[in-house]
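Biologist: I should be grateful for a close look at one part of this model, namely its salt bridges. Please then place them in the setting of the rest of the fold, in one connected account.

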Amino acid sequence: GRAIPAGWRTLHLVDADNLLGDPQCTDAAHIGAVFQAYRTASAFTPGDQVVVATGCNSHHALSVELAWPSVCHRRRSGPDGADMALLEESQWAASVGRFRRVVIGSGDRIFLAALDQLRSADITVDVVSRRRSLSTALALRARGSLHYLPEVV
């Protein structure tokens with residue numbers, strides 16, 4: 001197939017711990033199901049760039065990495081380590097002009113700043129979250145661009 005022009009690419013910033021609802025989860029079937037549901041909800045297509053972030057629990061991080069092996073993975077320690085790694089990626093995306101769309105795969109309030117920064121760089125931003133782990137502020141700001149994971153995953 002033809003290469004997608006750089007400025008038309010989509011970047012996915014996936015907060016695995018938030019989407020899984022459990023920063024210790026090592027259940028390969030569950031992690032795989034959540035990632036499949038995310039790909040559907042986010043309209044993922046081959047060629048999209050994906051960064052998946054987790055904390056540093058080694059069994060959990062390895063399980064996450066094995067569930068979606070062909071993408072970029074970041075491990076960062078600390079209470080908001082994964083979030084901070086993804087925020088750095090969003091700042092980079094806002095500055096390089098390579099992406100037309102960014103999908104934030106998290107419901108954490110901390111991503112409000114990323115949403116605003118990306119939109120001010122004229123990038124379309126979608127948010128994919130679990131209903132029960134979505135901050136009210138992020139839900140309000142992302143209205144119209146918000147997609148939910150099915151509650152069964």
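Modeller: The account below starts with the charged pairs and then moves to their surroundings.

The model is predicted. It holds 5 salt bridges, and three of them are described here, including the pair formed by E65 and R75. The side chains of these two residues meet with a nitrogen-to-oxygen distance of 2.8 Å. E65 belongs to helix α3, residues 58-67, and R75 to strand β3, residues 72-75, so the contact ties together parts that are 10 residues apart in sequence. R75 has a relative accessibility of 38%, which means that this arginine counts as partly exposed.

The next pair is that of R76 with E88, whose closest N and O atoms are 2.9 Å apart. R76 is in the loop between β3 and α4, whereas E88 is in helix α4 itself, so this salt bridge ties together parts separated by 12 residues in sequence. Both partners fall in the intermediate class of accessibility: R76 is partly exposed at 28%, and E88 is partly exposed at 44%.

A further pair joins D116 and R141, with an N to O distance of 2.4 Å. Here the contact links distant parts of the chain, for D116 sits in helix α5 (residues 112-120) and R141 in helix α6 (residues 136-141), 25 residues apart. D116 has a relative accessibility of 35% and counts as partly exposed; R141, at 37%, is partly exposed as well. Since the lower and upper limits of this class are 20% and 50%, neither residue qualifies as buried or as exposed.

Helix α4, which carries E88, also takes part in the nonpolar interior. In soluble globular proteins, nonpolar side chains tend to be buried together. The largest nonpolar core of this model has 26 residues, and those with the most contacts inside it are L11, V102, I104, L118 and V127. Strands β1 (9-15), β2 (49-54), β4 (99-105) and β5 (124-129) are among the elements that give two or more residues to this core, and so are helices α4, α5 and α6. The largest share, 6 residues, comes from α4. Helices α5 and α6, which hold D116 and R141 respectively, are thus represented in the core as well as in a salt bridge.

The same helix α4 appears again at the largest pocket. That pocket has a volume of about 160 Å³. It is lined by 14 residues, of which D15, D17, N18, P23 and P79 are the closest to its centre. Helices α1 (16-20) and α4 each supply at least two residues of the lining, and α4 gives the largest share, 3 residues. By chemical class, the lining divides into 6 charged, 5 polar and 3 nonpolar residues.

Covalent links between cysteines may be set beside the charged contacts. The count of disulfides comes to 0. C25 is in no disulfide, and the nearest cysteine sulfur, that of C56, is 17 Å away. C25 is buried, with a relative accessible area of 9%. For C72, the closest cysteine sulfur is likewise in C56, at a distance of 14 Å, which is too far for a bond. C72 is partly exposed, at 28% relative accessibility.

Two backbone details in the loops complete the setting. Most residues other than glycine have a negative phi. A43 departs from this, with a positive phi near 60°. This alanine is found in the loop between α2 and β2, and it is partly exposed, at 45% relative accessible area. D122 also has a positive phi, of about 65°, although it is not a glycine. D122 is in the loop between α5 and β5 and counts as exposed because its relative accessibility is 70%.

Finally, one residue of helix α2 may be noted. G32 lies in this helix, which spans residues 28-41, and is partly exposed with a relative accessible area of 24%. The C-alpha atoms of G32 and S90 are separated by 24 Å, the two residues being 58 apart along the chain.

Methods
Residues numbered from 1 in each chain as written. Predicted model: local features only at pLDDT ≥ 70, side-chain atom pairs only at ≥ 80, totals over all residues. Heavy atoms only, no water. Salt bridge = Lys/Arg side-chain N within 4 Å of Asp/Glu carboxyl O. Helix = DSSP H or I, 4+ residues; strand = E, 2+ residues; numbered from the N terminus. Buried < 20%, exposed > 50% of the residue type's maximum accessible area, 1.4 Å probe, protein only. 1 Å grid on protein atoms, 1.4 Å probe; cavity = no way out; pocket = protein on both sides within 12 Å on 5 of 7 lines; lining within 4 Å. Points joined across faces, edges and corners; volume = space filled by probe spheres on them. Nonpolar A, V, L, I, M, F, W, Y, C, P; charged D, E, K, R; others polar. Disulfide = S-S within 2.5 Å. Core = buried A, V, L, I, M, F, W, Y, C linked by side-chain atoms within 4.5 Å.
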